[in-house]
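Dear colleague,

Please find below the structure that I am handing over to you, followed by an account of what was found in it.

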Amino acid sequence: MNRDVPGGYAGRILRMDLTSGKTWSEPWAPDDMRVFVGGAGLGAKILWDEVPAGVAWDDAENRLILATGPLAGLPVWGTGGLSVVTRGAMTNGGTSTQANGFFGACLKYSGYDAIVVQGQASNWVYLYVQDEAAELRDAAFLVGKDTWETQDVLQARLGYPGHQMSVYGIGPAGENLVRFSAIAGDYGHVASKNGCGAVMGKKRLKAVALVRGTRSIRAADPRGLFQAADEIA
């Protein structure tokens, strides 16, 4: 475990370019973790740095960022959720929208603080992540299904029921670029703001299936964390 990484962070970002089909991971700086706090902070930094003025929501250069914060994966109630940051379809402006569920915890246990999506696939795909292994797979069999059906099918096909795998994706609205469509997962949790589902649809990314990983997350002050968690609960 890298002790230079602040407590609560995995220290790596998973990236994929849907145009080329390439996936890779990269570290990010501990100093940035302390300044751009949480999934919204990290996502805002990436959007600012990588999506220049004039890039529209439906451009391949727009980023779709799925991120979480430093408490995800640690024993604190309600912290395992997802922040989606992108240039949204409703306003064509930057947006951050949150969903509950356990995507964030699964992301941390896989060794990542965020997934950054760029480019546009030529055919429908979904992203499968198991620990550090990430693979883009054909999603033609999922097209037309709503988000509950998508999760049912992927859990059955991949063999990870219940909380063993988190699935977030889009339904027919996102596939058809409805400007107010959402990204939903874990059976009813919704990132609903500014048409982020249409951005995912434009990229032809149907879903992200994230197996609960085997990595551990370190708290810099475990006693203080447990005390704060008790107070929050």
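I begin with glutamine 118. Once its neighbours within four places in sequence are set aside, glutamine 118 is in contact with Arg15, Met16, Asp17, Leu18, Thr19, Trp24, Ala60, Asn62, Arg63 and Lys203. This residue belongs to strand β6, which covers residues 114-118. Its relative accessibility is 14%, and glutamine 118 is therefore classed as buried, the limit being under 20%. Please bear in mind throughout that this is a predicted model.

Strands β9 and β12

Strand β12 comprises residues 205-211. Seven of its seven residues are buried, so β12 is largely enclosed by the rest of the structure. Two pairings of β12 may be described together. With β7, the pairing is parallel and runs over five bridges; within it, tyrosine 126 has alanine 207 of β12 as its bridge partner. With β9, the pairing is antiparallel and also rests on five bridges. In that second pairing, methionine 165 stands opposite valine 211, while serine 166 stands opposite leucine 210.

Strand β9 spans residues 165-169, and five of its five residues are buried, so β9 too is largely enclosed by the rest of the structure. In a regular strand, side chains alternate between the two faces of the sheet. For β9, Met165, Val167 and Gly169 lie on one side and Ser166 and Tyr168 on the other, and both faces are covered, with all of these residues buried. β9 also pairs with strand β10 (residues 183-185), in the antiparallel sense and over two bridges. There, tyrosine 168 is placed opposite glycine 185 of β10.

Backbone angles in two loops

Most residues other than glycine have a negative phi. Two residues may be noted against that background. Aspartate 131 has a phi near 55°, a positive value in a residue that is not glycine. The position of aspartate 131 is in the loop between β7 (125-130) and β8 (133-138), and with a relative accessibility of 22% this residue counts as partly exposed. Leucine 177, likewise not a glycine, has a positive phi of about 60°. Leucine 177 is located in the loop between α5 (172-175) and β10; its relative accessibility is 29%, so this residue is also counted as partly exposed.

Cysteines

How many disulfides does the model contain? By the rule applied, the count is zero. Cysteine 106 takes part in no disulfide, since the nearest cysteine sulfur, that of cysteine 196, is 19 Å away. A disulfide requires the two sulfur atoms to be within 2.5 Å, and the sulfur of cysteine 196 is therefore too far from that of cysteine 106 for a bond. Cysteine 106 is buried, with a relative accessible area of 1%. Cysteine 196 is buried as well, at 0% relative accessibility.

Glycine 38

Helix α2 covers residues 38-50, and glycine 38 is found in it. With a relative accessibility of 11%, glycine 38 counts as buried. Apart from its neighbours within four places in sequence, glycine 38 is in contact with Tyr9, Thr68, Gly69 and Pro70. In addition, glycine 38 and valine 190 are separated by 152 residues in sequence and by 18 Å in space, taken from C-alpha to C-alpha.

The second largest pocket

As you may wish to consider the pockets, I close with the second largest one. The space in the second largest pocket amounts to about 230 Å³. Its lining is made up of 16 residues, of which Leu74, Val76, Gly80, Phe102 and Ala105 lie nearest its centre. By class, the lining of this pocket consists of ten nonpolar residues, five polar residues and one charged residue.

With kind regards

Methods. Residues numbered from 1 in each chain as written. Predicted model: local features only at pLDDT ≥ 70, side-chain atom pairs only at ≥ 80, totals over all residues. Heavy atoms only, no water. 1 Å grid on protein atoms, 1.4 Å probe; cavity = no way out; pocket = protein on both sides within 12 Å on 5 of 7 lines; lining within 4 Å. Points joined across faces, edges and corners; volume = space filled by probe spheres on them. Nonpolar A, V, L, I, M, F, W, Y, C, P; charged D, E, K, R; others polar. Helix = DSSP H or I, 4+ residues; strand = E, 2+ residues; numbered from the N terminus. Buried < 20%, exposed > 50% of the residue type's maximum accessible area, 1.4 Å probe, protein only. Contact = heavy atoms within 4.5 Å. Pairing = 2+ DSSP bridges.
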